[in-house]
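Got a minute to learn how to read a fold from the model on the screen? Pull up a chair and ask away.

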Amino acid sequence: MCGIVGYIGPREAGEFLVEGLRRLEYRGYDSAGIAVVEGGRVGVSKTTGRVDALNRQLLLDPLPGHVGIGHTRWATHGAANDENAHPHVGGMGAVAIVHNGVIENYAVLREGLESEGYVFQSETDSEVIAHLIANCLERQMAGVSVGVSETEIRRNPHATLVAAVRTALAQLRGTYGLAIVFRDFPDVMIAARLGSPLVVGVGHDEHFVASDALPLSGYTEKIVYLADHQLAVVTAKTLRVVHREFGAVKPSVEVLQVDTGDRTLNGFDHYMLKEIHEQPESIRNAMRGRLDIENATATFGGLNLTPQQLSSINRIILTGCGTSWHAGLLGEYLIEEWARIPVEVEYASELRYRNPPVDPNTLVFAISQSGETADTLGAIREMKRTGHRTLAICNVVASSIAQEADGGVFLHAGPEIGVASTKAYSAQCMVLAMLALYFGRMRHLGFEAGRQIIDDFQQIPQKMQEALSTNAQVQRVAQKYRDASNFLYLGRQYNFPTALEGALKLKEISYVHAEGYPAAEMKHGPIALVDAQTPSVFIVPQGFVYDKVMANLEEVKARGGPVIAVVQDGDSRVAQVADDVITVPKVSEPLQPLINVVPLQLLAYHVALLRGCDVDKPRNLAKSVTVE
Ligand code: G6P
């Protein structure tokens with residue numbers, strides 16, 4: 001994963017690079033660094049930790065210059081320390097690179113380069129790229145492996161350079177998004193992509209490079225998305241795109257579409273808290289223009305499927321990672337219930353390497369907030385390769401998954417900055433509920449039932465607003481259990497995914513072990529964990545399985561486990577048994593997860609805060625995981 005930026009033009013490169021890295025920190029924040037070419041040397045400044053730390057370092061020891069690259073890292077190979085931070089320099093300072101991705105054959109390459117005398121400074125897979133390019137460049141310059149004619153060099157002074165980079169890239173196995181600068185060619189920067197997104201921003205006498213469009217907003221609106229195997233050779237005034245094997249490609253310049261939205265804290269202490277509170281509004285935005293009351297259904301502008309294709313669907317696969325996968329699980333319950341279409345929910349990381357039998361009438365939905373998750377992207381590519389239609393449920397409009405899918409639905413949740421997903425999750429659940437209604441109304445679901453579901457949908461924002469008022473109650477519960485080392489989260493049916501999501505939130509931001517389980521399944525193992533120090537969070541809405549969940553709750557109490565219960569307004573029974581009760585408003589049974597998740601998000605938030613954790617940037621995680 002990691003974030004990459006590059007700049008060439010009249011500005012002070014360092015200023016753009018640091019600002020760009022701040023915007024990319026959601027991709028990782030283990031370390032940060034920049035390299036700037038100036039006065040016959042490549043100056044490098046890098047440090048463990050956040051972009052703020054890098055900025056402080058640069059204020060003391062600036063790196064002036066007009067061409068440079070930058071990186072914010074999420075460690076894959078090698079610890080998060082100064083040596084492993086990017087940029088990496090190759091060949092005694094001739095080349096500097098920043099890399100996003102994983103080089104699978106780095107060990108073999110490193111061995112070869114070390115035997116030729118190259119000295120490595122880090123444990124990363126990435127450093128090998130810097131030395132390899134330097135090595136190929138030395139060979140090209142010495143005329144060893146050239147293949148670049150004198151005429152070509154006269155026509156294009158960077159031909160040798162490009163040939164060297166192409167030769168080096170051909171030896172890499174794995175994935176890369178790369179930005180490269182050269183000590184002896186200060187007027188050029190090269191970017192290259194294979195399996196890890198990269199964009200070039202075209203400015204007025206300047207060019208920008210970044211791992212996604214976010215850093216470019218406000219600098220240029222003209223953007224070129226590089227495809228796999230393409231290299232961009234940029235000077236301040238020119239942009240050439242070259243396929244690694246087949247040569248020149250005509251770049252297609254698109255208009256930048258970045259949801260710049262509200263990125264301030266707006267009075268909240270953390271983005272996560274702000275985003276939890278934005279949910280009533282983001283749910284309204286997800287529904288806006290999509291409810292067709294007259295026909296008691298939902299409408300979607302971007303599915304890009306013909307009525308024949310829609311009616312012939314006989315199976316749906318929902319795929320995603322992390323929180324998005326949990327939203328998929330709720331989607332499964334709703335689509336099967338209302339539309340009677342069989343649904344499978346697959347971890348994208350599993351789906352991409354499995355070979356499941358998938359018939360032509362299977363529709364695949366990729367669910368992803370960022371639209372950049374490498375495994376989810378890999379899964380839809382695999383599905384597309386085998387001829388299946390893939391649709392995206394994404395929040396980020398210009399993202400890779402949104403672009404590569406055949407169509408889809410945007411969440412319109414606005415930028416989500418906190419690493420732990422909250423408002424995107426509820427918006428995903430809402431969109432999946434609307435899709436379930438849509439597919440249902442195309443099949444067996446009657447008009448009256450459709451109307452009732454729409455009425456239920458329309459209540460959600462207000463009821464979510466009311467659920468937010470549990471905050472003080474949740475805070476007290478968090479205070480009581482802040483030192484627990486294990487939590488169980490238990491729910492049944494529609495609220496089983498809610499239990500998983502509640503447990504994931506706690507794990508992600510407070511580093512407390514938590515397991516989400518179907519309440520009844522608990523007795524087949526996790527019940528062994530129950531003791532006086534292990535709180536169980538039960539989700540106990542009224543409805544079909546109420547009595548069953550109550551029985552499971554009693555089983556925990558009988559073994560001395562403390563119970564925190566999330567119940568609906570008007571419930572008095574649970575309070576007689578549970579130690580702590582959090583009461584949320586009542587909505588229709590299938591939609592109750594949208595309300596129940598609110599106090600669970602708040603619980604994770606408050607526990608994390610009380611334990612002194614960095615809520616918005618939890619350790620070891622990143623918002624967008626662009627490596628598999
Ligand atoms: C990372 C994040 C999770 C997120 C998952 C999937 O692991 O830390 O919060 O749920 O990626 O991200 P996506 O952008 O595809 O929804």
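What follows is a short chat between a learner and a teacher about this predicted model.

Q: Let's start with the open sheet. In what order do its strands sit, and how do they pair?

A: To read a sheet, walk across it from strand to strand. Here you'd pass eight strands in the order β3-β2-β4-β1-β10-β9-β11-β15, with antiparallel pairing.

Q: Which strands stand at the edges?

A: That would be β3 (41-48) and β15 (254-255). Each has a single partner strand, so one side of each has no neighbour in the sheet.

Q: How many bridges join β2 to β3?

A: Eight, with β2 (residues 31-38) and β3 running antiparallel. If you want a spot to zoom in on, try Val 37, which stands opposite Val 42 in β3.

Q: What does helix α1 touch on the sheet?

A: When a helix packs on a sheet, list its contacts and then check its direction. Helix α1 (residues 13-24) touches β1 (3-8), β2, β4 (67-73) and β10 (207-210), and its direction makes about 160° with that of β1. Helix α2 (residues 51-60) packs on the sheet as well, touching β2, β3 and β4, at about 135° to the direction of β3.

Q: Now for strand β6. How many of its residues are buried?

A: For a strand, look at one face and then at the other. Six of the six residues in β6 (residues 95-100) are buried. Val 95, Ile 97 and His 99 are on one side, with Ala 96, Val 98 and Asn 100 on the other, and both faces are covered.

Q: Which residue of β6 stands opposite His 88?

A: Ile 97 does. His 88 sits in a strand too: β5 (residues 88-90) pairs with β6 in the antiparallel sense over three bridges. The hairpin of β5 and β6 has four residues between the strands, and Gly 91 takes a positive phi near 55° there. β6 is also joined to β7 (residues 176-182), antiparallel, by six bridges, and Ala 96 stands opposite Val 181 in β7.

Q: How do I read a helix like α6? Is it mostly covered or mostly open?

A: Here's the general idea: an α-helix has 3.6 residues a turn, so residues three or four places apart point the same way. As for α6 (residues 159-170), its twelve residues reach 16 Å from first C-alpha to last, close to the 16 Å expected. It's mostly covered, with nine of the twelve buried; among them are Leu 161, Val 162, Val 165 and Leu 169.

Q: What about the largest pocket: how much space lies in it?

A: About 930 Å³. Next, see who lines it: there are 46 lining residues, and the closest to the centre are Arg 23, Tyr 26, Asp 212, Leu 214 and Arg 263. Helices α1 and α13 (400-404) each supply at least two lining residues, and α13 gives the largest share, with three.

Q: Last one, Val 419. Where does it lie, and is it buried or exposed?

A: A loop residue can go either way, and you tell by its accessible area. Val 419 lies in the loop between β22 (407-410) and α14 (423-441). Its relative accessible area is 8%, under the 20% cut-off, so Val 419 counts as buried. Leaving aside neighbours within four places in sequence, its contacts include Tyr 29, Asp 616, Pro 618 and Ala 622. Val 419 and Ala 622 are 203 residues apart along the chain, but their C-alpha atoms are separated by 6.2 Å.

Notes: Residues numbered from 1 in each chain as written. Predicted model: local features only at pLDDT ≥ 70, side-chain atom pairs only at ≥ 80, totals over all residues. Heavy atoms only, no water. Pairing = 2+ DSSP bridges. Contact = heavy atoms within 4.5 Å. Axes fitted to C-alpha atoms, helices over the stretch in contact; angles between N-to-C directions. Expected span 1.5 Å × (residues − 1). Buried < 20%, exposed > 50% of the residue type's maximum accessible area, 1.4 Å probe, protein only. 1 Å grid on protein atoms, 1.4 Å probe; cavity = no way out; pocket = protein on both sides within 12 Å on 5 of 7 lines; lining within 4 Å. Points joined across faces, edges and corners; volume = space filled by probe spheres on them.
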